[in-house]
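Biologist: Please show me the model, and let us then ask what stands behind the words used to describe it.

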Amino acid sequence: MTNPKLKPCPFCGHVPQDWPDFLHPTGGGWRDDPLGDGTMFRHYMRADDPRGMQGKCWELNCLTHEGGCGANVTGDSRAEAIAAWNRGPK
């Protein structure tokens, strides 16, 4: 998997260097289940939940051991976490 094009940290401007630590799955995930009215409800769970995950959550960290600020951004997929990082704080 190639490293995506990322902007510097949206909080402090640090440019990440350590990819295995910077962008990774969180160890948890999510599952969508139907509600009685036909809408879906997304709930989050640990990887060992017996109901099974439908997707993994991902996170990006501005690593303090590289001189970053420690900020953390998460998403319901790798692409969603990257988009949230690049978009910056709301």
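**Contacts and salt bridges**

Modeller: His43 touches Gly29, Trp30, Arg31, Asp33 and Arg51, leaving aside residues up to four places away in sequence; contact means heavy atoms within 4.5 Å. This is a predicted model, in which local features need pLDDT of at least 70 and side-chain atom pairs count only at pLDDT 80 or more, while totals for chains, interfaces and linings use all residues. Residues are numbered from 1 along each chain as its sequence is written, and side-chain values use heavy atoms, without hydrogens and water.

Biologist: Why is His43 called buried?

Modeller: Buried means under 20% relative accessible area, exposed over 50% and partly exposed in between (1.4 Å probe, protein chains only). His43 has 13%, so the residue is buried.

Biologist: What makes Arg42 partly exposed?

Modeller: Arg42 has a relative accessible area of 31%, which lies between the two limits, so Arg42 is partly exposed.

Biologist: How do you know that Arg42 and Asp32 meet in a salt bridge?

Modeller: A salt bridge is a side-chain nitrogen of Lys or Arg within 4 Å of a carboxyl oxygen of Asp or Glu. For Arg42 and Asp32 the N to O distance is 2.8 Å, so the pair qualifies.

Biologist: Why is the pair of Arg42 and Asp76 called a salt bridge?

Modeller: Their closest N and O atoms are 2.7 Å apart, which is within 4 Å, so the term applies. Asp32, Arg42 and Asp76 are thus linked in a network of salt bridges.
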